[in-house]
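I opened this model to look up how its strands pair and which residues make up its nonpolar interior. The entries below follow the order in which I looked things up.

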Amino acid sequence: QVQLIESGGGLVQAGGSLRLSCESSGRTFSTYYAMGWFRQSPVKDREFVASIRRIVDITYLDSVKGRFTISTDNAKNTLYLQMGSLKPDDTAVYFCAAARFYRREYLYTFENEYSDWGQGTQVTVSS
């Protein structure tokens, strides 16, 4: 059974940093075509944050560009999201997601393009 397990969330002041991790068990990381981070707050639908495809192709939500960095460590079977200059608007539950298959038409910025999901980790940014 494949499991994605997030960690690293917490409470941080505005301007601070956090690093989220997502570890995969039951499936070797390198067999996924794409990995991504999404977030959901009480006032917004789940939204795309960042994705990484085959290590080199990376996409970010415009509002996190320059502040967040997505990366993977295949040896550790772990996906990361380094978040800096955090704002109260970044407050949300953050989910990692993985896509098993390549589809030419996919941008890997939509929920339905991912097959496996973690349970989420809460990030709260205080002003």
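**Strand pairing and cores**

I began with strand 7 and strand 8, which run antiparallel and are joined by 6 bridges; strands here are DSSP runs of E, at least two residues long, numbered from the N terminus, and two strands pair if DSSP finds at least two bridges between them. I noted that this is a predicted model, in which local features need pLDDT of at least 70 and side-chain atom pairs count only at pLDDT 80 or more, while totals for chains, interfaces and linings use all residues. Residues are numbered from 1 along each chain as its sequence is written, and side-chain values use heavy atoms, with hydrogens and water left out.

For F68, I found that the bridge partner in strand 8 is M83.

I then looked up the open sheet, whose 4 strands have the order 1-3-8-7 with antiparallel pairing. Its edge strands, strand 1 (3-7) and strand 7, each pair on one side only.

Next I turned to the largest nonpolar core (buried Ala, Val, Leu, Ile, Met, Phe, Trp, Tyr and Cys residues joined through side-chain atoms within 4.5 Å, where buried means under 20% relative accessible area with a 1.4 Å probe, protein chains only). This core has 26 residues, and W37, L79, L81, M83 and Y94 have the most contacts inside it. Strand 9 gives the most to this core, with 4 residues.

Leaving out residues up to four places away in sequence, I listed what Y94 touches (heavy atoms within 4.5 Å): among them are W37, F68, L81 and M83. A second, separate core of 8 residues includes F38, F48, Y108 and Y114.

Conventions:
Buried means under 20% relative accessible area, exposed over 50%, partly exposed in between (1.4 Å probe, protein chains only).
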